[in-house]
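Reader: I have a new structure open and no idea where to start. Can you walk me through it?
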Amino acid sequence: MSNVETLELQSAIGFEGKVPNGLRIHPDRMHMIYAIGCNLVIENLQTRKQEFLIGHNNNVSCIAVSKSGRFIASGQVTYMGFKADIIIWDFASRQLYARLVLHKVKVQDLAFSPNDAYLFSLGGQDDGSVVVWNVATKESICGSQAQHKSSGITYCLAASRNNDNLFFTAGNNTLRIWELDLPNRKIRPLDVNLGQTKRIVKTISSSDTEDVFFCGSTTGDILQIGYQGQFKAIGPEKNKFSLGVTALQCLKNGDILAGSGDGKVFLLAPLTFKPKKTAECDAEVTSLALRGDGHMFFVGTAKSQIYKIQLSEWKQELLNTCHNSVINDIAFPFGTSELFATCSFEDIRVWHSASSQELLRIKVPNKTCTSIVFSRDGTSIISGWDDGKIRAFYPESGKLMYVINDAHQRGVTSLAITSDCRRIISGGGEGQVRVWNIRPDSQTLEATMKEHKNAVVQIKINKSDSECLSASLDGTCIIWDLKRFKRSQVLFANTLFQCIAYHPEEFHILTGGSDRKIAYWESYDGAQIRELEASKSGTINGLDIDATGEVESVGFGHGGEVKKVKICPNNRVIVSVGDDGSILRWRLSSA
């Protein structure tokens, strides 16, 4: 493992929509910046080409871009008791400029001062401090507790648009204006007196036109505050925004853009906060990013969609879409690398590999798809679901072809199809392996094989369709004879098996699981030959093998568990999917 290369990340499908203000447009108006897992993505808005900033070791929690566009800053979350890094990136070179470490557990929010001199950072609820960093010297100038002990959590932070020494924080019953006293290396807070008004503020935006800033509250109204601490206005009085104001941006002409928790975007008149225009998105609005002066802006939602809206025509267009929950499986059609399918909660999606565009979406409301496979002749997509049904769909239209009801009691957990497309072999949550006979007009149960005591997580069939492998969470792998429907071998190991594969020559079987090792076994007698230490930290959830079978490179990028990996049929690209809903494509170094 010492001479292992790093896998090159080629492209990614995903967007961490739950990060507040996690979508930004660079001042050059050409690039969109957002997070996927541990990585920052810089995507060209015209060519859609992606570049990756890789340096965090856990999920990115906040992003800021400096006014000049020279710097990007990103903060992350980490584990209890550990410090969370802030990284400042040099945009021109796409390189790490500085790594700043002070906050504990989570960096909640970041903002640059107007002329890039300072970076203001806010720690999460386990940290509760604000820190001012000197960007030139890469060191902290001073810090302070973000709120009084009697106040709740501070959620957000914003810098003044014109004064380098001024910034604002707000949260649960706390609203403060901070002034930097550089000669004495101190920041001095001024608490804004809201009188009887008690609010939880989740988003702040400074005005371009005058010395005021706006705060969006969970109550669904907006507060206007002067730089000297005067409470100027609150509104709208009636028809508050449903599920709270979750994103705000001030426009050059004084109008305000607001996003709400029920997925609406509003263009508001100043002072009255009455809506002039409204647009609807699919979920809570978490980001509003202006391009240039805001003639066009981009909306990010909690369900990981990105919309583009032209301000004058108020036309909206869906720009990016992806899964927003755990992806359970990937499948390539036989012999082609141009398409692949992924499955998750409520849907199956078919993607074009080269452009990362979604070609087809098959929806089954309130059900989770656990496994998918293309039939070898390409005429159907066969899928297993947590409601115990096997559903087959036409790949072009996504229309339902047939359903096998009650295929398994505790949900279908794995699937495979023979190369002649005549049989489906399915595994269930109760541990049974079943063989189904597939005809154009009927689907019948041919055999049930009961040996496993726990869920069957993966099934693989050999090239001649004469035997299949099943791996289970009960710590066994079984080789089944598909002529007699009997067990021919069983593999025992002190691990929860998660994945299996036949070696291309089929005289070996590979397994991976909770002991972090990849094991090689003899096919004919089930004897273990060797083990490789394959993961330093967690369970092996997926494995795939090409003809070489050497560990030659390792890739880092997913923010959570990697659920499955597949080598594409042309052996040029590896596709991996994670529990954060992202799909990453890696260049295979041997290619």
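Author: One term to begin with. A polar contact is a pair of N or O atoms within 3.5 Å; within protein, one must be able to donate a hydrogen and the other to accept it, and residues adjacent in sequence count only if both atoms are side-chain atoms. Now the ground rules. This is a predicted model: local features need pLDDT of at least 70, side-chain atom pairs count only at pLDDT 80 or more, and totals for chains, interfaces and linings use all residues. Residues are numbered from 1 along each chain as its sequence is written, and side-chain values use heavy atoms, with hydrogens and water left out.

Reader: Which side chain makes a polar contact with Arg349, and at what distance?
Author: That of Asp347, at 3.0 Å. The Asp347 side chain also has a polar contact of 3.2 Å with the side chain of His323.

Reader: Is Asp347 buried or exposed?
Author: Buried, at a relative accessible area of 4%. Buried means under 20%, exposed over 50%, and partly exposed in between (1.4 Å probe, protein chains only).

Reader: Where in the fold does Asp347 sit?
Author: In strand β33, residues 345-352. Strands (E, at least two residues) and helices (H or I, at least four) are DSSP runs, numbered from the N terminus.

Reader: What is Asp347 in contact with?
Author: Leave aside neighbours within four places in sequence. Then Asp347 contacts His323, Thr342, Arg361, Ile362, Lys363 and Cys369. Contact means heavy atoms within 4.5 Å.

Reader: Zooming out. How many helices and strands are there?
Author: 0 helices and 53 strands. The radius of gyration, taken over C-alpha atoms, is 27 Å. The globule rule (2.2 Å times the number of residues to the power 0.38) gives 25 Å for 591 residues, so the protein is as compact as a globular protein of that length. Along the principal axes, the C-alpha atoms fill a box of roughly 85 × 50 × 45 Å.

Reader: What share of the residues count as buried?
Author: 57% of the 591.

Reader: Any record for the regions?
Author: Yes, from UniProt, in an unreviewed entry. It places "domain: EML-like first beta-propeller" at residues 49-308. UniProt positions are in the numbering used here, feature names are shortened, and annotations may be inferred rather than shown by experiment. In the model, residues 49-308 are 0% helix and 56% strand, with end C-alpha atoms 17 Å apart.

Reader: And where does UniProt place "repeat: WD"?
Author: At residues 100-143, 405-446, 449-490, 500-531 and 555-591, again in an unreviewed entry. Residues 405-446 are 55% strand, and their end C-alpha atoms lie 15 Å apart. Residues 449-490 are 60% strand, with ends 13 Å apart.

Reader: Show me a sheet. What is the strand order in the open sheet of 4 strands?
Author: β27-β28-β29-β30, with antiparallel pairing. Two strands pair if DSSP finds at least two bridges between them.

Reader: Why do β27 and β30 each have one side without a neighbour?
Author: β27 (285-291) and β30 (315-320) stand at the edges, each with a single partner strand, so one side of each has no neighbour in the sheet. β29 (residues 306-310) pairs with β30 over 5 bridges. There, Tyr307 stands opposite Leu318.

Reader: What about β23?
Author: 6 of the 6 residues of β23 (residues 245-250) are buried, so this strand is largely enclosed by the rest of the structure. β23 pairs antiparallel with β24 (residues 256-260) over 5 bridges. Cys250 has Ile256 as its bridge partner. The hairpin has 5 residues between the strands, and Gly254 there takes a positive phi near 100°.
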